[in-house]
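Let's walk through this structure together, taking the strands to begin with, then the metal site, and then the empty spaces. Keep the 3D view open as you read.

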Amino acid sequence: MSLILAIESSCDEMAMAVLKDKRNFLSSVVASQIDVHAKYGGVVPEIASRKHVESVTVVLKETLEKAGVAMTDIDAIAVTKGPGLVGSLHVGLQAAKALALTFDLPLIGVHHIVGHIYSNNIDEDIIYPCICLVVSGGHSELVLMESEFEFKIIGTTLDDAVGEAYDKVGRVLDLPYPGGPVIDRMAAAGNITYELPKPLDDGSLNFSFSGLKSAVINLNHKHVQKNMPINKDDLAASFQAVVINSLVSKTMDALEQYGVKHLMLAGGVSANRGLREAMEQACTKNSITLRLPPLSLTGDNAMMIALAAKLMYDNNEFSDLSLGISPNIDIENESRSMKWKK
Ligand code: KG4
Ligand code: ZN
């Protein structure tokens, strides 16, 4: 039996979870700061790290209490080491190192995106080879996995991540932060009436969303200047349709090019209802099995960090107490650096 305490603090959530064995969660707590950052229209890094300092011990206490365990019962500490906001990552990492030192426990440094990908391990083992479409606030990537913890980036965004484009469009349309979930709801109520450019139709597996984002912003600006009303629901529907089209078609191309039959989605934007439906339809049509993370595991949380950490724990992939944050490390380098993979 193993008990892993996982800590995730890479952005504006302080999250912790206790995992027993492979996938039996005793507790999971997410302390969101969204209300604080919403006032500024986005995450303010300095405020995020200060709030983390305030909440880290409170969340730890609550997570252990909910799990009905004490620190002396825990077998390993897992923590997000990056990518993310430097100040935010530091708070979680320092807490993890202090706990590992005090209770003489192994430390497991987990890559944030690896965590998102392994949220798909929640109900049953991932089937390889597979492709994961990672869509979050900071990443839009197609990742090929031939086997466990082998990551090859076969497509990436050349500019804005898809979540970032959603949030910037949301800001221009005066929607509450974060814009992604709001635009998703509005899109369901609107019709596709505005013509927007198709992003990066170049036959590659890369994405580009900044041209589309600018087109939406310009369209809105023109309407405001001419004092013409704009139907925000319809604009949301039109924007979302182009985004989904690009994500689905590039993903299907990737599956075909690599002869892969299993697909997973991961990251905050994988909560998008339109994207989930469109991907389900495309997968049925192309005889692909699709795995979608439960909605509770799409945004940042510590369960995903624990799920990835458990596989590292079983393979003795531990970090020493000098572990530092890696704000920018990509997942290809991450898997190459693993002792268990050499
Ligand atoms: O994975 P995540 O929680 O944090 C990062 O690692 O970035 O992703 C957050 C992003 C935000 O940009 C948010 O607007 C977006 O995910 N998001 C959505 C939806 N829910 C969250 N975007 C589109 N539709 C949604 N339903
Ligand atoms: Zn994330």
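Strand S1 (residues 3–8) and strand S2 (residues 13–20) run antiparallel and are joined by six bridges. If you want a spot to centre your view on, Leu-5 stands opposite Val-18 in S2. The two strands form a hairpin, with four residues between them. S1 also has a partner in strand S4 (residues 76–82): here the strands run parallel, and four bridges join them. In this pairing Ala-6 stands opposite Ala-78 in S4. Please bear in mind throughout that you are looking at a predicted model.

How many of the six residues of S1 are buried? Six of the six are, so the strand is largely enclosed by the rest of the structure. It helps to recall that side chains in a regular strand alternate between the two faces of the sheet. For S1, one side carries Leu-3, Leu-5 and Ile-7, and the other carries Ile-4, Ala-6 and Glu-8; all of these are buried, and both faces are covered.

Another hairpin is worth a visit. Strand S7 (residues 140–145) pairs with strand S8 (residues 152–156) in the antiparallel sense, over four bridges. Leu-142 stands opposite Gly-155 in S8. Six residues lie between S7 and S8, and in the turn Phe-149 has a positive phi of about 60°.

Now turn to the metal. Which residues are the protein donors of the zinc ion (ligand 2)? They are His-112 and His-116, each through NE2, and Asp-300 through OD, at 2.0 to 2.1 Å from the ion. Along the sequence, the spacing of these donor residues reads H-x3-H-x183-D. The two histidines sit in helix H4 (residues 112–118), and because they are four residues apart there, about one helical turn separates them. His-112 has a relative accessibility of 8%, so it counts as buried. His-116 is buried as well, with a relative accessible area of 1%.

Next come the open spaces. A probe the size of a water molecule, rolled over the atoms, shows where empty space is left. The largest pocket holds about 1,200 Å³. It is lined by 45 residues, and nearest its centre lie Cys-11, Ser-136, Gly-137, Gly-138 and the zinc donor Asp-300. By class, this lining has 17 nonpolar, 18 polar and ten charged residues. Helices H4, H5 (162–172) and H6 (179–189) each supply at least two of the lining residues, and H5 gives the most, with six. Domain 1 (3–118 + 297–341) and domain 2 (126–292) each contribute at least three residues to the lining of this pocket.

The second largest pocket has a volume of about 230 Å³. Of its 17 lining residues, Lys-198, Pro-199, Val-242, Asn-245 and Ser-246 are the closest to its centre. Its lining divides into seven nonpolar, five polar and five charged residues.

Finally, look for enclosed space. The count comes to one cavity of 30 Å³ or more, and about 30 Å³ of space lies in the largest cavity. Its lining is made up of Lys-22, Tyr-118, Asn-121, Asp-125, Ile-126, Tyr-128, Glu-148 and Leu-311, which divide into four nonpolar, one polar and three charged residues. Why does this cavity lie between domain 1 and domain 2? Both domains give residues to its lining, so the cavity lies between them.

Notes. Residues numbered from 1 in each chain as written. Chains lettered and ligands numbered in written order. Predicted model: local features only at pLDDT ≥ 70, side-chain atom pairs only at ≥ 80, totals over all residues. Heavy atoms only, no water. 1 Å grid on protein atoms, 1.4 Å probe; cavity = no way out; pocket = protein on both sides within 12 Å on 5 of 7 lines; lining within 4 Å. Points joined across faces, edges and corners; volume = space filled by probe spheres on them. Nonpolar A, V, L, I, M, F, W, Y, C, P; charged D, E, K, R; others polar. Domains from an automatic or database assignment. Donors = N, O, S within 2.8 Å, 3.2 Å for Na, K, Ca; no water. Buried < 20%, exposed > 50% of the residue type's maximum accessible area, 1.4 Å probe, protein only. Pairing = 2+ DSSP bridges.
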